[in-house]
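Work through the exercises below with the structure open. Each task comes with a stepwise solution.

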Amino acid sequence: MSKDFENILEQVHQLTRSEQLALIASIARMLSDDEPDVLPEYIVQENNRRLAAYDAGKTKGIPYKEALNSVREQISRNKF
């Protein structure tokens, strides 16, 4: 198992049971036949723009705990 996958798995184990189920539902929707197999080009371009800004020091990353709290808040509002 890759180190990245181990890190992701560790983070998933820190989620509550309802958050884990919401994550599973979200992933299942992303993998459904209704979804395109590739990301739209505008999403790739926006991601590249943000990554370049971060790499150039023009913006800061979001601290892990802040990002996790934001995800938890969004999940709790969208009760899947």
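**Exercise 1: Two neighbours in one helix**

In this predicted model, glutamate 19 has 8% relative accessibility and counts as buried.

Task: Place glutamate 19 in the secondary structure and list what it touches, leaving out residues up to four places away in sequence.

Solution.
- Step 1. Glutamate 19 sits in helix 2.
- Step 2. Skip residues up to four places away in sequence; glutamate 19 then touches Arg72 and Ile75.

Task: Is glutamine 20 buried or exposed? Which residues does glutamine 20 touch beyond four places in sequence?

Solution.
- Step 1. Glutamine 20 belongs to helix 2, which covers residues 17–31.
- Step 2. Its relative accessibility is 16%. The cut-off for buried is under 20%. Glutamine 20 therefore counts as buried.
- Step 3. With residues up to four places away set aside, glutamine 20 touches Val12, His13 and Leu15.

**Exercise 2: Helix 3 and what follows**

Task: Check the span of helix 3 against the value expected at 1.5 Å a residue.

Solution.
- Step 1. Helix 3 runs over residues 41–55, 15 residues in total.
- Step 2. The expected span uses one less than the number of residues, times 1.5 Å. That gives 21 Å.
- Step 3. From first C-alpha to last, helix 3 reaches 21 Å, close to expectation.
- Step 4. Glycine 57 follows helix 3 and has a positive phi, near 80°.

Task: Where is isoleucine 62, and is isoleucine 62 buried or exposed?

Solution.
- Step 1. Isoleucine 62 lies in the loop between helix 3 and helix 4, the latter spanning 64–77.
- Step 2. Exposed means over 50%. Isoleucine 62 has 61% relative accessibility, so it counts as exposed.
- Step 3. Serine 76 is 14 residues away from isoleucine 62 in sequence; the C-alpha atoms are 20 Å apart.

**Exercise 3: The whole chain**

Task: Describe the fold order, overall dimensions, surface and charge of the protein chain.

Solution.
- Step 1. Count elements: 4 helices and 0 strands. The order from the N terminus is α-α-α-α.
- Step 2. Compare radii of gyration. The protein chain has 15 Å, whereas a compact globule of 80 residues would have near 12 Å.
- Step 3. Take the box along the principal axes: the C-alpha atoms fill roughly 40 × 35 × 30 Å.
- Step 4. Turn to burial. Of the 80 residues, 9% are buried.
- Step 5. The exposed area is about 7200 Å², with 55% from carbon and sulfur atoms.
- Step 6. Tally charges: 11 positive and 13 negative side chains, with the centres of the two sets 9 Å apart.

Notes: Residues numbered from 1 in each chain as written. Predicted model: local features only at pLDDT ≥ 70, side-chain atom pairs only at ≥ 80, totals over all residues. Heavy atoms only, no water. Helix = DSSP H or I, 4+ residues; strand = E, 2+ residues; numbered from the N terminus. Buried < 20%, exposed > 50% of the residue type's maximum accessible area, 1.4 Å probe, protein only. Contact = heavy atoms within 4.5 Å. Rg over C-alpha atoms; globule rule 2.2 N^0.38 Å. Areas by Shrake-Rupley, 256 points an atom, 1.4 Å probe, with all protein chains shown as cover. Lys, Arg positive; Asp, Glu negative; His and termini not counted. Charge placed at Lys NZ, Arg CZ, Asp CG, Glu CD.
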